[in-house]
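Let's take a walk through this one together, from the overall fold down to a few side chains. Have a look at the model first, then read on.

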Amino acid sequence: MEDEVLGIRQQLFGNDHPEIAMSCKHLGKHYRLTNAAKALSYFHNSVSMFERHLGATHATVAYALKSLGCHLGDMQEHESAFSVLRRAVHIAEGTLGPQHPEVAGLLLELAKLQLRVGPEGAEEGLLGRSIAIYEATLGPNHPTLATAFASLAHAVCLQGQLSRWAPIALLVVVASEDRGASFNHSPQLALRNARGQSLRTP
């Protein structure tokens, strides 16, 4: 069905158009879990088309690169994923500014990727900067910050390292229970202390 929609849009806009690039990006996300190779092809096509029509340093290219980089990480193509996500960060910093929430989101994706491949603790600088940007631009009680923590908690859980990030996992619970309440502890302080703490079992 989704491919048929793409065909209709190609009849309207042609095969090489920003609208087709956006459709390719959506199709990549659609096939990400069911057909990795097909999703990869769509993500690559999306990036290439956006670059041709909008320029290699346009913010939209950064968004497309984020989708591509995350998918490459899921495919265990870690070196390529790092390269793509770092390029996305560079573009976003140049077009949106280094303190933009979108930059924070890209740094979070880089941190999650770094968490997969190590070395241990290498992700903390990226996480610290991401959290600082979110706090400065959106405030410490913004839902986006809670979502970022939840995303991180999921990533560390998959890696079997949740105990290292117990304070951050607690912040997810606090933020989810009452989005309007202030955090009891600074997210950055929790990040610095996390490595020295562990969950204790009776």
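Is C70 buried or exposed? C70 is buried, because its relative accessible area is 13%, under the 20% cut-off. Keep in mind that this is a predicted model, and that every value here is computed from it. C24 is buried too, at a relative accessible area of 4%. As for disulfides, the structure holds 0 of them.

Here are the two cysteines side by side.

| Cysteine | Relative accessible area | State |
|---|---|---|
| C24 | 4% | buried |
| C70 | 13% | buried |

Now for the overall picture. The protein has 10 helices and 0 strands, so reading from the N terminus you meet α-α-α-α-α-α-α-α-α-α. Of its 202 residues, 43% are buried. The exposed surface comes to about 10,400 Å², with carbon and sulfur atoms supplying 53% of that area. Take the contacts between residues at least 6 apart in sequence: 60% of them join residues at least 24 apart.

What about the start of the chain? Helix α1 covers residues 2-13, and its 12 residues should span 16 Å at 1.5 Å a residue. The end C-alpha atoms of α1 are 16 Å apart, which agrees with that expectation. Just after α1 comes G14, with a positive phi of about 95 degrees.

On to the inside. The largest nonpolar core has 43 residues, and Y42, L65, L68 and L72 are the ones with the most contacts inside it. Seven stretches give two or more residues each to this core: α2 (18-31), α3 (36-54), α4 (59-74), α5 (78-96), α6 (101-117), α7 (124-138) and α8 (143-158). Which residues does L65 touch, leaving aside its neighbours within four places in sequence? The partners of L65 are V47, V84, L85, R87, A88 and I91. By the helix boundaries, V47 falls in α3, L65 itself in α4, and V84 through I91 in α5.

Y42 turns up again when you look at the rings. The structure holds 1 aromatic pair. Its members are Y31 and Y42, which are stacked, 6.1 Å centre to centre and with 10 degrees between the planes. The pair links distant parts of the chain, since Y31 belongs to helix α2 and Y42 to helix α3, 11 residues apart. Both tyrosines, Y31 and Y42, are buried.

Conventions: Residues are numbered from 1 along each chain as its sequence is written. This is a predicted model: local features need pLDDT of at least 70, side-chain atom pairs count only at pLDDT 80 or more; totals for chains, interfaces and linings use all residues. Side-chain values use heavy atoms; hydrogens and water are left out. A nonpolar core is a set of buried Ala, Val, Leu, Ile, Met, Phe, Trp, Tyr and Cys residues joined through side-chain atoms within 4.5 Å. Buried means under 20% relative accessible area, exposed over 50%, partly exposed in between (1.4 Å probe, protein chains only). Helices (H or I, at least four residues) and strands (E, at least two) are DSSP runs, numbered from the N terminus. Contact means heavy atoms within 4.5 Å. Accessible areas come from the Shrake-Rupley method with a 1.4 Å probe; for residues, only the protein chains shown count as cover. The expected span of a helix is 1.5 Å times one less than its number of residues. Rings of Phe, Tyr and Trp (its six-membered ring) pair if their centres lie within 6.5 Å; planes under 30 degrees apart count as stacked, over 60 as edge-to-face and the rest as tilted. A disulfide is a pair of cysteine sulfur atoms within 2.5 Å.
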